[in-house]
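This report describes a single protein chain through its confidence, its sheets and its internal spaces. The sequence and structure are shown first.

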Amino acid sequence: MIRRFCCTFLLVCIGLGMSARIALPDILSDYMVLQQHTQVKFWGTATPRSAVSVSPGWCTQATAYTTESDGEGRWMILLPTPEAGYQPYRITISDETSSVTLNHILIGEVWFCSGQSNMEMPLNGFFNCPISDANQTIATAGNHPAIRFATIPKTAALTPQESCAGKWVENNPANAQWFSATAYHFATLLQSVLNVPVGIINCSWGGSTVEGWLPEEILAQYPDVDLSQAGSKEGTEWLQPMIMYNGMLKPLQNYTVRGFLWYQGESNVGRHDTYAKRLATMVSLWREEWELGELPFYFVEIAPYEYGPGDWGAYLREAQFRAQALIPNSGMIPTNDLVESFESHNIHPRNKTEIGRRLAYMALSETYDVQGIRSRGPSYRSMDIQGDSILLHFDRAEEGFSRMQEITGFEIAGEDRVFYPAEAEVNWNREIIVSNPQVNKPVAVRYGFRNYLPGNIADHRGLPLYPFRTDNW
């Protein structure tokens, strides 16, 4: 009896001791990158009702920022950050009974990356799905020590969580092979141009729908979403609603970031009627919950892929393009030209280098205001019917196109609504003339508007024409 009491008392003491020590979420770890020139949030648990101090190494004097933990030991504090640089810092967090020191901290630019498998896809690639130049990229990772990654493991939850796994790691070949390939190429170009450290949080889940990244209270308003599927062992986990938001996204919303990168849409093919508005709702919610204003949101058009009967992939891309008008401070990069002929049935195209670069062009031009960089390719504006041809006019084509002949990807139709491959050429007014001998009275043109119909035309900087259709059939 006495022995049992002593053991119980010891366990209680150990439990109290553990709960009373400083504890930080995984995302606050060694090797992290903190956003420059702002006030970043630091948070965790400590002894309940105790003074908590945070001492950053960049302060010239022994300056500590203090707060008090609540009755459950939770605390949060705003920490001013300096200008970006390559000098590593230490940060010490302490309360009345314990302290924790974080090492190798850099100050720079932090981006939050999310979506499904094409964002998740590491430099190592997937089974039978390689990444272009992966071995060389991985081998030279150590040349970019100021790039850091935190990769969040797949974690499903039915209710919003306060913490999740995922620590920061340094950039070397052993670690880089598991970094998101798209995010890595974004980070390397960003770091090269801005000459500052870059931190990437990769919070992705292959196969996830946009509804997986939204909370229950919003999803309950959608009649086509069955919330009982969340957590169900009978349904496919990655298609379940809200579980990614609860288990992976919500725990990270205190971490200060500069913007969002999004690569998703394949699992919403066939539901294009709701996609644009739901994506806009998701972005609005994320911005509200991060409490950092209208953070930029740059996203990737889904690639050409043979989804099966019906050109549902084309309609989803169209919904993505339209989402730009619904989401302030957003932009979509096209990918229609970045697939090979043998990839028509591979939903993971290997060229992630150019996708990362195009995202970086958009961020550099539109977020960081780096002059001289183009960020968006041409987009359809209007058309004129001229006899048996159609003359197409475009925005952002003032200096012409990448080629004038041997153009692929266009189709033309008459009043019978049957589309034929079109001959296309660029005239000296920087317009595109489209025709087909079988269509004497054309009424509509499409470009890249199939599940799989890559095109080959871009502006003179190499930014491709966005897929489009002139009809509404």
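The sections below take up model confidence, two sheets, two pockets and a cavity.

## Basis and confidence

The model is predicted: local features require a pLDDT of at least 70 and side-chain atom pairs count only at pLDDT 80 or more, while totals for chains, interfaces and linings use all residues. Residues are numbered from 1 along each chain as its sequence is written, and side-chain values use heavy atoms, with hydrogens and water left out.

The mean pLDDT of the chain (the predictor's confidence in each residue, from 0 to 100) is 94, and 95% of the residues score at least 70. Helices (H or I, at least four residues) and strands (E, at least two) are DSSP runs, numbered from the N terminus. Confidence is highest in strand β11 (residues 259–263), at 99, and lowest in helix α1 (residues 2–20), at a mean of 38. Over residues 1–19 pLDDT stays under 50, and the model has 1 contact (heavy atoms within 4.5 Å) for this stretch beyond four places in sequence. Where pLDDT is low, the predicted coordinates should not be read in detail.

## Two antiparallel sheets

Strands are taken to pair if DSSP finds at least two bridges between them. One open sheet consists of 4 strands in the order β14-β15-β19-β18, with antiparallel pairing. Its edges are β14 (379–386) and β18 (423–426); each has a single partner strand, so one side of each is left without a neighbour in the sheet. From one strand to the next, the twist averages 25° (axes are lines fitted to C-alpha atoms, for helices over the stretch in contact, and angles run from 0 to 180 degrees between N-to-C directions). Within this sheet, β15 (residues 389–395) and β19 (residues 432–435) run antiparallel and are joined by 4 bridges. Leu 391 stands opposite Ile 433 in β19.

A further open sheet of 4 strands follows the order β17-β16-β20-β21, and its pairing is also antiparallel. Here β17 (419–421) and β21 (468–469) occupy the edges with a single partner strand each, so one side of each lacks a neighbour in the sheet. Strands β16 (residues 410–413) and β20 (residues 444–447) pair over 4 bridges, and Ile 412 faces Val 445 in β20.

## Pockets

Pockets and cavities are found on a 1 Å grid over the protein atoms alone: a cavity is a set of points where a 1.4 Å probe fits but cannot get out, and a pocket is an open set with protein on both sides within 12 Å along at least five of seven lines; lining residues have an atom within 4 Å of a point. Grid points are joined across faces, edges and corners, and a volume is the space filled by probe spheres set on the points.

The largest pocket holds about 440 Å³. Of its 18 lining residues, Trp 43, Arg 74, Glu 162, Ser 163 and Asn 254 lie nearest its centre. β2 (39–45) and β5 (74–80) each supply at least two residues of this lining, which divides into 7 nonpolar, 6 polar and 5 charged residues (Ala, Val, Leu, Ile, Met, Phe, Trp, Tyr, Cys and Pro count as nonpolar, Asp, Glu, Lys and Arg as charged, and the others, Gly among them, as polar).

The second largest pocket has a volume of about 300 Å³. Its lining includes Ser 132, Asp 133, His 144, Tyr 184 and Arg 357. Helices α3 (134–139), α5 (181–194) and α10 (353–367) each contribute at least two residues, and α5 gives the most, with 4. This lining comprises 2 nonpolar, 8 polar and 2 charged residues.

## Cavity

The whole structure contains 1 cavity of 30 Å³ or more; the largest cavity has a volume of about 50 Å³. Among the residues lining the largest cavity are Glu 301, Arg 317, Phe 321, Met 332 and Pro 467. Helix α9 (residues 312–326) provides the largest share of the lining, 4 residues. The lining divides into 5 nonpolar, 1 polar and 3 charged residues.
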